[in-house]
Amino acid sequence: MSAGNGTGRPLLAVNNIEVIYDHVILVLKGVSLRVPEGGIVALLGANGAGKSTTLKAISGLLRTERGDVTKGTVEWRGAPIHREGAADVVRHGIVQVMEGRHVFEHLTVDENLLTGAYTRPGGDALRRDLDLVYTYFPRLTQRRHVRAGYISGGEQQMLAIGRALMARPRLMLLDEPSMGLAPMLVAEIFDIVARLNREENVAVLLAEQNATIALKYAQYGYVMESGRVVLDGDARTISDNEDIKEFYLGLTGVGQRKSYRDVKHYRRRKRWLS
Amino acid sequence: MIDVLQHVVVGPFRDIGSNPAFFGEVVIGGILAGMLYSLVALGFVLIFKASGVFNFAQGVMVLFAALTLVGLLERGLPVAAAFVVTAAVMIALAFVIERVVLRPLVNQEHIILFMATIGLNFFLEGFGEMLWGANVKKLDVGIPDRSFMMAGMQVNQLELSAGVIAAVIVAILAVFFQKTRIGRALRAVADDHEAALSIGIPLKTIWVVVWSVAGLVAIVAGVMWGAKSGVQFSLSLIALKALPVLILGGFESVAGAILGGLIIGVGEKIGEVYWGPLVGGAIENWFAYVLALAFLLVRPQGLFGEKIIERV
């Protein structure tokens with residue numbers, strides 16, 4: 001079975017969902033995707049393509065922004081979850097790490113992590129997980145008692161991931177973890193995410209503009225444009241396909257500026273899923 | 001000129017020095033009055049911390065709690081039972097407010113929520129009047145309004161009990177916010193609604209909890225003020241005294257609300273007694289606001305307010 005769209009029941013299945021904001025603005029126009037147990041799946045596309053909205057539709061955060069899933073379903077191990085509130089979704093084992101980190105600035109690093117375990121009973125298991133998070137993110141250890149507002153951007157991103165980890169998720173929705181960070185830090189964070197995926201068996205759905213790095217770690221990818229999935233395939237296939245690179249991911253060779261005339265007329269493949 | 005300075009700068013201190021026992025009485029009176037300001041301010045702080053909403057209706061909640069308690073006592077309920085029922089009413093009120101006011105307005109601008117609490121203010125005022133009538137009522141909870149001598153100073157027993165109760169409540173709240181899971185969640189929600197939601201903190205529960213706690217604090221404040229000066233509609237105006245307390249102490253700080261209340265309570269009593277005669281009295285009425293104004297100019301986040309963390 002391929003790592004992405006295999007047969008058998010996936011961990012998460014998004015089936016042709018439509019999302020409308022404020023009852024009028026159609027943002028997602030039929031998005032379908034699948035995340036297998038323990039997989040890393042990339043969701044690529046430019047600004048405004050609908051990546052964040054897709055993640056929020058899964059996590060239930062959409063409703064606080066006056067958005068609504070009006071068609072289609074989101075299934076978690078086969079059971080529909082798109083009508084559930086954000087807190088219930090977390091209890092199922094799906095946690096979103098929001099774009100822009102969103103740590104609790106006035107709480108210490110330690111308190112931020114403990115808050116992440118809100119849905120779980122306290123006790124020894126919680127203490128163990130706290131230590132576990134610190135072993136994955138050793139940089140945070142020295143910052144334990146510092147208010148999260150004062151740590152660096154990279155540390156905040158680590159804290160946001162660590163906080164999500166405290167809820168013991170089976171699936172983590174990562175929204176633009178590379179945003180605003182130096183390339184070395186980005187690599188460090190992605191390495192840790194890959195380790196979490198391997199060692200803790202946390203599946204990852206990763207929304208990224210930085211396609212190069214996302215496809216390096218993901219097994220399968222979806223490309224979105226204006227509220228639709230326009231392409232999907234194995235990470236390798238996507239990163240090798242010249243057309244995809246050129247039209248969606250901006251990965252063509254640097255410096256080889258082409259005339260607009262050379263750009264192929266590209267007809268988008270229509271997709272009718274499920 | 002020298003004469004004026006003599007009166008303003010030297011005279012009052014000479015009076016303080018010449019009768020320290022009386023000065024002690026003034027300070028204790030101020031502390032105890034300040035405790036009551038603190039209690040009202042606490043209600044504001046709780047809600048502001050957890051939801052970023054400035055609850056304009058806090059003063060009316062104090063009034064409403066006191067009215068309910070008096071009404072129940074008048075109908076012949078024993079004191080303990082009346083307290084329990086009043087607490088239940090305030091908690092029920094928190095549920096209703098969450099459902100009817102806060103939930104439909106989630107993710108709206110703070111100013112919109114603030115306006116909603118103004119509406120709530122008028123509603124509660126009218127509703128309380130409809131239920132319990134508009135007369136001034138006497139509230140007797142069994143603590144005598146008597147004074148006794150302590151270390152050569154007169155201390156009012158009622159005020160002393162109020163002070164002690166306020167101190168206990170404050171201690172409990174401080175521990176609750178710093179050490180418990182719900183308390184942490186409350187602070188998390190105050191920092192970032194959406195992030196709190198993303199890790200599974202249910203906002204509904206949190207809001208019901210803070211409004212309930214604010215309601216319970218309002219009962220205590222209402223009872224203490226009511227026992228002192230009767231339960232009447234002007235009780236809701238002590239909310240206005242809580243404002244300078246908040247500016248002084250900082251909107252997000254439980255400790256700030258306490259200390260701010262004490263500073264204002266003591267300050268205005270001392271000002272009134274020693275400097276009042278120089279300007280014909282009534283310092284007590286404006287002292288708090290002038291102090292608040294000065295603080296806004298010098299330290300707008302208050303003594304213990306949370307610094308706005310800005311990243312560059």
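In this predicted model, Glu200(A) is placed in the loop that connects helix H7 of chain A to strand E8 (203-208). Although it belongs to a loop, Glu200(A) counts as buried, because its relative accessibility is 16% and the cut-off for a buried residue is under 20%. Residues up to four places away in sequence being set aside, Glu200(A) touches Leu132(A), Tyr136(A), Arg168(A), Arg170(A) and Arg195(A). For one of these, Tyr136(A), the side chain is joined to that of Glu200(A) by a polar contact of 2.7 Å. For another, Arg170(A), the separation from Glu200(A) is 30 residues in sequence and 8.7 Å in space, taken from C-alpha to C-alpha.

Thr53(A) offers a second case of a buried polar side chain in chain A, with a relative accessible area of 10%. Thr53(A) is found in helix H1, which covers residues 51-59 of chain A, and, when residues up to four places away in sequence are not counted, it touches Val19(A), Tyr21(A), Val27(A), Leu28(A) and Leu62(A).

The nonpolar residues were examined next. The largest nonpolar core contains 147 residues, and those with the most contacts inside it are Ile161(A), Leu39(B), Ile201(B) and Trp211(B). Helix H9 of chain B gives the most to this core, contributing 15 residues. The surroundings of Ile161(A) can be described in detail: with neighbours within four places in sequence left aside, Ile161(A) is in contact with Val97(A), Phe137(A), Met172(A), Leu174(A), Ile189(A), Val193(A) and Leu196(A). A second core, separate from the one just described, has 33 residues, among them Ala49(A), Leu55(A), Ala203(A) and Met224(A).

In chain B, Met224(B) lies in helix H9 and, at 7% relative accessibility, counts as buried. Beyond its neighbours within four places in sequence, Met224(B) is in contact with Leu36(B), Ala162(B) and Ile165(B). Met224(B) and Pro104(B), by contrast, are 120 residues apart in sequence and 34 Å apart in space, from C-alpha to C-alpha.

Helix H7 of chain B, formed by residues 181-191, includes a run of buried residues, namely Gly183(B), Arg184(B), Ala185(B), Leu186(B), Arg187(B), Ala188(B) and Val189(B). These buried residues pack against elements of both chains: helix H3 (109-116) of chain A on the one hand, and helices H2 (20-51), H6 (157-179), H8 (193-198) and H9 (203-229) of chain B on the other. The N-terminal end of H7(B) is capped by Thr180(B), from which a side-chain oxygen lies 3.0 Å from the backbone nitrogen of Gly183(B). Within the residue range of this helix, Arg181(B) also reaches chain A, in that its charged end sits over the ring of Tyr118(A), 4.4 Å from the ring centre. A comparable arrangement is found in chain A, where the charged end of Arg163(A) sits over the ring of Phe104(A), 4.5 Å from its centre.

Aromatic rings also pair with one another, and the count comes to 11 aromatic pairs over all chains. In one of them, the rings of Phe190(A) and Tyr217(A) have centres 5.4 Å apart and planes at 35°, so the pair is tilted. Because Phe190(A) lies in helix H7 (residues 183-199) and Tyr217(A) in helix H8 (residues 211-217) of chain A, this pair ties together parts that are 27 residues apart in sequence. Both partners count as buried, Phe190(A) at 4% relative accessibility and Tyr217(A) at 16%. In another pair, Phe123(B) and Phe127(B), the ring centres are 5.4 Å apart and the planes stand at 15°, so the pair is stacked. Phe123(B) and Phe127(B) are four residues apart in helix H5 (residues 110-132) of chain B, and are therefore separated by about one helical turn. Here the partners count as partly exposed, with relative accessibilities of 49% for Phe123(B) and 30% for Phe127(B). A cluster of aromatic residues is formed in chain B by Phe44(B), Phe54(B), Phe56(B) and Phe114(B).

The confidence of the prediction has finally to be considered. Chain A has a mean pLDDT of 86, and 87% of its residues reach 70 or more. Over residues 266-271 of chain A, however, pLDDT stays under 50, and the model has 12 contacts beyond four places in sequence for this segment. Where pLDDT is low, the predicted coordinates should not be read in detail.

Terms used. Residues numbered from 1 in each chain as written. Chains lettered and ligands numbered in written order. Predicted model: local features only at pLDDT ≥ 70, side-chain atom pairs only at ≥ 80, totals over all residues. Heavy atoms only, no water. Buried < 20%, exposed > 50% of the residue type's maximum accessible area, 1.4 Å probe, protein only. Helix = DSSP H or I, 4+ residues; strand = E, 2+ residues; numbered from the N terminus. Contact = heavy atoms within 4.5 Å. Polar contact = N/O pair within 3.5 Å; in protein donor to acceptor, adjacent residues only side chain to side chain. Phe/Tyr/Trp six-rings, centres within 6.5 Å; stacked < 30°, edge-to-face > 60°. Lys NZ or Arg CZ within 6 Å of the ring centre and 35° of its normal. pLDDT = per-residue confidence, 0-100. Core = buried A, V, L, I, M, F, W, Y, C linked by side-chain atoms within 4.5 Å.
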